[in-house]
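Open the model in your viewer and keep the selection tool at hand. The stops below are in the order in which to select them.

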Amino acid sequence: MTSESVPDRYAVIGNPIEHSKSPQVHALFAQQTLQAMRYERLLAPLDHFVDSVHEFIVHGGRGANVTVPFKLEAFALANELTPRAQAAGAVNTLSFSADGIKGDNTDGIGLVRDITRNAGVPLRNRSVLLLGAGGAARGVILPLIEENIAGLVIANRTQPRAMELAQQFSHSGVPVSPAAFDQLDQRFDVIINATSASLDSALPPLPDCVFGSQTLAYDMMYAAQPTIFMQHAAHHGAVVRDGLGMLIEQAAESFFVWRGVRPDTAPVYTWLRGQL
Ligand code: NDP
């Protein structure tokens, strides 16, 4: 093989990592767009994320996705950050070049594209309730605000974290306020579950009034069956959607960041849905 024909290397780095669907998604994107690249899973020891990244770079790595629990370490490692990574305070996409390590965050734009394009629900002038104040919640706030939503309420089990997040975005031009779950007293157009409660089959304790028949209830988690949050929201009349589309759209944005080409996500979504 000549050096020209060696495919560029990419990886998803996390711990654990066996469950990650990113290698299949990126392989399909590469096949579709005729990009010569290889994308693998990289298990980094919990206390050796930075070493693992440097080793990957030495062995020809051009970029990497970063997943649990390393998104904050990736943020600290990058010597250049995009505005959306800065706003998120976390990095899920690293690009390696002679200039150093650039950190980006594609989770938020992935969510927004899945809602507006794939689900066909416009966000402009819509009231949005964001449940959770962890890494995933933080990452989607700026992209939501950039859609010119009418307002954002952030509700979290640990209230000070919601307050801190709301404060961070208080000068964004869109009203952003914190709330306790039991203080919520209005119906929302869009409710995004960015808590990890569904992983434990638990529900954030929401009053019924937040749901309406036009409400889109979006769970960032995805599974073969509707999550408990989706079941609950559907029971209260809402339209429901899980986070599989977000996963694929954030991957497509990372792919674009690295390769400058936008893959068609629809066939990949259909294929991956069938694999769950
Ligand atoms: P974090 O651990 O950073 O945050 C977890 C959040 O969930 C916190 O706000 C926490 O509240 C809250 N929480 C946990 N358990 C409960 C509960 N029983 N009731 C109410 N709130 C609860 O996780 P992430 O932000 O990284 O991930 C959140 C979810 O988003 C996960 O399910 C993850 O799989 C999903 N995700 C999906 C993506 C996709 O592409 N589809 C991308 C990224 C994430 P507190 O502050 O009180 O602890």
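The tour goes from the ligand to a helix beside it, then to aromatic rings, polar contacts and backbone details.

This is a predicted model, in which local features need pLDDT of at least 70 and side-chain atom pairs count only at pLDDT 80 or more, while totals for chains, interfaces and linings use all residues. Residues are numbered from 1 along each chain as its sequence is written, and side-chain values use heavy atoms, with hydrogens and water left out.

**The ligand**

Select the ligand and the residues near it (a heavy atom within 4 Å). Of the 19 residues around the ligand, the nearest are Ala136, Asn156, Thr158, Arg161 and Met220. The shell consists of nine nonpolar, eight polar and two charged residues. Here Ala, Val, Leu, Ile, Met, Phe, Trp, Tyr, Cys and Pro count as nonpolar, Asp, Glu, Lys and Arg as charged, and the others, Gly among them, as polar.

Next, show the backbone around the ligand. One ligand oxygen lies 2.7 Å from a polar backbone atom of Ala136, and a ligand oxygen is 2.9 Å from a polar backbone atom of Ala133. A ligand nitrogen is 3.0 Å from a polar backbone atom of Gly243. On its own the ligand has 930 Å² of accessible area (Shrake-Rupley method, 1.4 Å probe), of which the protein covers 77%. Two elements, α6 and α9 (244-259), give two or more residues to the shell. Helices (H or I, at least four residues) and strands (E, at least two) are DSSP runs, numbered from the N terminus.

**Helix α6 and its end**

Select residues 135-146, which make up α6. Which residues of α6 are buried? They are Ala137, Gly139, Val140, Ile141, Pro143, Leu144 and Ile145. Buried means under 20% relative accessible area, exposed over 50%, and partly exposed in between (1.4 Å probe, protein chains only).

Move on to Asn148, in the loop between α6 and β8 (151-155). Asn148 is not a glycine, yet its phi is positive, about 60°. Its relative accessible area is 40%, or partly exposed.

**Aromatic pairs**

Rings of Phe, Tyr and Trp (its six-membered ring) pair if their centres lie within 6.5 Å; planes under 30 degrees apart count as stacked, over 60 as edge-to-face and the rest as tilted. The count by this rule is five aromatic pairs. Select Phe29 and Phe255: they are edge-to-face, 5.5 Å centre to centre with 70° between the planes. Phe29 is in helix α1 (residues 22-33) and Phe255 in helix α9, 226 residues apart. Both Phe29 and Phe255 are buried.

Then select Phe56 and Phe96, another edge-to-face pair, at 6.4 Å and 75°. Phe56 belongs to helix α2 (residues 49-58) and Phe96 to strand β5 (residues 93-97), so the pair ties together parts 40 residues apart in sequence.

**Polar contacts of Asp8**

Select Asp8 in strand β1 (residues 8-14). Its side chain makes polar contacts (N or O atoms within 3.5 Å; within protein, one must be able to donate a hydrogen and the other to accept it, and residues adjacent in sequence count only if both atoms are side-chain atoms). One contact is with the side chain of Arg62, at 3.0 Å, and another with that of Arg259, at 2.7 Å.

**Cis peptide bonds**

Most peptide bonds are trans. Finish with two that are cis: Asn15 to Pro16, with omega about 5°, and Val68 to Pro69, with omega near 0°. Pro16 lies in the loop between β1 and α1, and Pro69 in the loop between β3 (61-66) and α3 (71-77).
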